[in-house]
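Me: I am new to this one. Show it to me, and then let me ask how the labels are earned.

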Amino acid sequence: MNGVIVVNAYIKNKSQITQAQRLAEEFAALKVDCKIIKNVGLAQIKNGGIESMESDFVVFLDKDKAAARMLEKRGLRLFNSSAAVEVCDDKLLTHIALADNGIPMPDCVYSPLCYYPDAQIDENFIDETVKKLGLPLVAKNCYGSLGAGVFLIKDKQMLYDFERENKLKPHFYQKFIGRGGEDIRIIVIGGKFVCAMRRKNPDDFRSNIELGGKGESYTADENLIALCEKVAKILKLDYCGIDVLTDNDGERYICEVNSNAFFAAAEKVCGVNIAKKYAEFVISCKNA
Ligand SMILES: Nc1ncnc2c1ncn2[C@@H]1O[C@H](COP(=O)(O)OP(=O)(O)O)[C@@H](O)[C@H]1O
Ligand SMILES: [Mg+2]
């Protein structure tokens, strides 16, 4: 059996490189030939069909839906699938996919699509959004990670300004949950809970490690485990990192689901070899 780990063509972030290397190491330890390749020229449309590389499996660490779909159309098995990556790449589409399944999520209000730089913001939309979500509230770009596209909106003026400045980008607004600066990151592989890490940041409402959040091992209870396993199943994810918020009454809410979650911090604080578990899962699927 031989496989590939596909990384972004322009990869430069150290966490992305480490992620791929850790996985490659564990495949090698399991005696499976698996090399890291960049997402360049893996497939193309040719003579009205698709021509692609060959591989027994592809651990797809990029988010390039065109490349992913072409490889799948040629019959390659991707971990995660293109559909799962696409749904998770857009935070609002993730919430929509999870809706109607009994999954607790913060209330969300979408911002209407806008094509015109000179368009005027509807004051009524601002008033209604505050009425629905309360203040403070959270503004999120649909695409984004590492906390970069997530903002705290404290009053109506801020909301108005944010909407005006971001109207051309897909984004949405979300109810603010809990006290801020804290969440739980859960890793799920093959539909099974692997480990949980609590992240806390005293200096920012975003608990992302990349923004200074500190991780600690967390003992997840049965309900939390069942919730996260259900989320992974609905979204058909082979591997994911799920962010869970807790409100002041102890109720849990799914904040977002990362199909390409970095596992280095969770491996370190939880003392779990996540890369090995993921590699074992991939191999078990191929051997099934
Ligand atoms: N609705 C919310 N209420 C309170 N805190 C939030 C909310 N949404 C996000 N956060 C905080 O911001 C962080 C980043 O948000 P998240 O949606 O996970 O985006 P990213 O993909 O950038 O990690 C979360 O880990 C959490 O600490
Ligand atoms: Mg997150």
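What follows is a set of short questions and answers on this predicted model.

Me: Why is Glu128 called partly exposed?

Reply: Its relative accessible area is 30%. Buried means under 20% and exposed means over 50%, with partly exposed in between. The value of 30% falls in between, so Glu128 is partly exposed. Glu128 is found in helix α5, residues 123-133.

Me: How far apart are Glu128 and Ser52, in sequence and in space?

Reply: They are 76 residues apart in sequence. From C-alpha to C-alpha, they are 49 Å apart in space.

Me: What makes Asp243 and Glu256 donors of the magnesium ion, ligand 2?

Reply: Donor atoms are N, O or S within 2.8 Å of a metal such as this one. Asp243 (OD) and Glu256 (OE) lie 2.0 Å from the ion. That is within the cut-off, so they count as protein donors. Asp243 lies in strand β14 and Glu256 in strand β15, so the pair ties together parts 13 residues apart in sequence.

Me: Are these two residues buried or exposed?

Reply: Asp243 is buried, and Glu256 is too.

Me: Why are β13 and β15 said to stand at the edges?

Reply: The open sheet has five strands, in the order β13-β12-β11-β14-β15, with antiparallel pairing. β13 (214-217) and β15 (252-258) each have a single partner strand, so one side of each is left without a neighbour in the sheet. From one strand to the next, the twist averages 30°.

Me: How do you know that β11 and β14 pair?

Reply: Pairing needs at least two bridges between the strands. β11 (residues 182-189) and β14 (residues 239-246) have six, in the antiparallel sense. The count meets the cut-off, so the strands pair. Val188 stands opposite Cys240 in β14.

Me: Which residues touch the most other members of the largest nonpolar core?

Reply: Ile5, Phe27 and Ile274 do, in a core of 30 residues. Helix α9 gives the most to this core, with seven residues.

Me: Why is this core said to lie between two domains?

Reply: Domain 1 (2-80) and domain 2 (87-104 + 179-287) both give residues to it, so it lies between them.

Me: What does Phe27 touch, leaving out residues up to four places away in sequence?

Reply: Its contacts include Ile5, Val32, Phe57, Ala279 and Ile283. A second, separate core of 23 residues includes Ile186, Tyr218, Ala232 and Ile254.

Key. Residues are numbered from 1 along each chain as its sequence is written. Chains are lettered from A and ligands numbered from 1 in the order in which they are written. This is a predicted model: local features need pLDDT of at least 70, side-chain atom pairs count only at pLDDT 80 or more; totals for chains, interfaces and linings use all residues. Side-chain values use heavy atoms; hydrogens and water are left out. Helices (H or I, at least four residues) and strands (E, at least two) are DSSP runs, numbered from the N terminus. Axes are lines fitted to C-alpha atoms, for helices over the stretch in contact, and angles run from 0 to 180 degrees between N-to-C directions. A nonpolar core is a set of buried Ala, Val, Leu, Ile, Met, Phe, Trp, Tyr and Cys residues joined through side-chain atoms within 4.5 Å. Buried means under 20% relative accessible area, exposed over 50%, partly exposed in between (1.4 Å probe, protein chains only). Domain bounds come from an automatic or database domain assignment. Contact means heavy atoms within 4.5 Å. Donors are N, O and S atoms within 2.8 Å of the metal (3.2 Å for Na, K and Ca); water is not among the atoms, so sites may look incomplete.
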